[in-house]
Amino acid sequence: MFCKATLLAVALALVATASPVDTDHVFDPATPVTGVRIPIQKRGSLTNTDGTFNHDKTIRQIVKLKNKHRQNLINLEKNIGRSAFAEGAEIKPLATVPAALEKRAGVALTDQDGDVEWTGKITIGSPAQSFVVDFDTGSSDLWVPSSSCTTCGSHSKYNPSKSSQSSKKTGSFSISYGDGSTASGTPYTDTVTVGGVSVTGQYLAAVTKESSEFQSDPPDGLLGLAFPAISNLNHNPFFFTAVDQGTAPEAVFSFKLDQTGSELYIGGTNSALYTGAIEYHDVSSDSGFWQIGGASLLLNGKKVASGFDTIIDSGTTLMYATPSAAKTFWAGVKGSKVYDSEEGLYEFPCSSVPSVAFSWGGKSWSISADDMNLGQVSSGSSMCVGALAGSDLGLGSNVWLLGDTLMKNVYTVFSVDDNAVGFAQLK
């Protein structure tokens, strides 16, 4: 297990000193593909099949998101200390699903389009046991249900006794969720394979008690791809282990997210999916996130916010500004108004979707109208809900969170060796 001093040394090495647009990390798109392609798929959306906005599902996702990052900050404080917190960051109280929604949770419902996650297959153990997991750049642990779990529904379950490489470890794993329950379990090490990349001695949690929120979730578990500093297990996440053991062709992984053809690429970039150079931006914080600074937000080509940090999180669907920044942005959208003040959601005239783009000092990366529009507030309405919300997630007074609303519009690259996030134009 890492001591705090070791983790702090690792974390401090991530802080960037380069210019906003990093010209040192240039990848030639003509370079042969060397990594491993892992097909992934989206489990639904926040828009119903009739084109209306799914408010209930969105609230549940926001609660889950708040508690994910609450736990990340708890982990960061435990592993390194509050000195690693961004300015204004704080551990918020546990968020809960509103009582009105909890009452509805007792009614058996058919979810027409699943949950909002990007999932793919991995194996654990020798011989291999297969699982479908959510690949999440906003957390750092690997967890799957244990064979001893009686509350894990129909999910595939990890049986450590059937793996010749499994080793039980001391300690515990526990994360709190918005329905008031937790996912908890026992740490193990074992062989883990993602695509063709295998590592040995990977720390993971075998969950023995699963929140009701997860029992009906399509994925079996989660594989975190952020930095060790926010690991609940206080050990290297899978990809960091792969880099240390030399099993990843390059210390880079990348995502294409779309309705079809989505993939996680382990050990490099897939040049068949993007065009032009990759624009890199160095990690700007030692807080354990894929966080880059110097961001600007453009509305209809005009800069309306600048100088903020952004966390790039594949485990998040929407984009979250600070409440004041979101208010300023939507004030510039003609006809817009507050849709849900508690969750920081806004609505706007469906006929005039705002033109939105982000820049980190180089190109401007636009958000498509389809991704910016989450659907009509109700069937037949002329008003639609926007994908930029305002919420204080506790991550810092000048930190925004950008999920797959951004990532579906760019090819996104994460470099461990260079401690940088890159964007390229999708083909």
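## What covers helix α5

In this predicted model, the buried residues of α5 are covered by several strands, including β8 (182-194), β9 (197-209), β10 (221-224), β11 (252-256) and β12 (263-266). The helix itself runs over residues 238-245, and its buried residues are F238, F239, F240, T241 and A242. Right after α5 comes G246, with a positive phi near 75°.

Two of those buried phenylalanines, F239 and F240, also turn up in an aromatic cluster. Its members are F227, F239, F240, F253, F255, W290 and F414.

## The sheet behind it

Two of the covering strands, β11 and β12, belong to an open sheet of six strands. Reading across, the order is β1-β12-β11-β25-β26-β13, and the pairing is antiparallel. At the edges sit β1 (36-39) and β13, each with a pairing partner on one side only. From one strand to the next, the twist averages 20°.

Zooming in on β11 and β12, you'll find four bridges holding an antiparallel pairing. Here F255, one of the aromatic cluster members, stands opposite L264 in β12.

## Stacked rings across the chain

How many aromatic pairs does the model have? The count is 19. Take Y274 and Y411: their ring centres are 4.8 Å apart and the planes meet at 25°, and since planes under 30 degrees apart count as stacked, that's what this pair is. In sequence the two tyrosines are 137 residues apart, with Y274 in strand β13 (residues 274-282) and Y411 in strand β25 (residues 411-415), so this is a link between distant parts of the chain. Both strands appear in the six-stranded sheet.

Are these two tyrosines buried or exposed? Y274 is buried, at 1% relative accessibility, and Y411 is buried too, with a relative accessible area of 0%.

## A second stack

F308 and W400 make another stacked pair, with ring centres 3.8 Å apart and planes at 10°. Which strands does this pair tie together? F308 lies in β15 (residues 302-312) and W400 in β24 (residues 399-402), so the contact joins parts that are 92 residues apart in sequence.

As for burial, F308 has 2% relative accessibility and counts as buried. W400 is also buried, at 2%.

Terms used
Residues are numbered from 1 along each chain as its sequence is written. This is a predicted model: local features need pLDDT of at least 70, side-chain atom pairs count only at pLDDT 80 or more; totals for chains, interfaces and linings use all residues. Side-chain values use heavy atoms; hydrogens and water are left out. Rings of Phe, Tyr and Trp (its six-membered ring) pair if their centres lie within 6.5 Å; planes under 30 degrees apart count as stacked, over 60 as edge-to-face and the rest as tilted. Buried means under 20% relative accessible area, exposed over 50%, partly exposed in between (1.4 Å probe, protein chains only). Contact means heavy atoms within 4.5 Å. Two strands pair if DSSP finds at least two bridges between them. Axes are lines fitted to C-alpha atoms, for helices over the stretch in contact, and angles run from 0 to 180 degrees between N-to-C directions.
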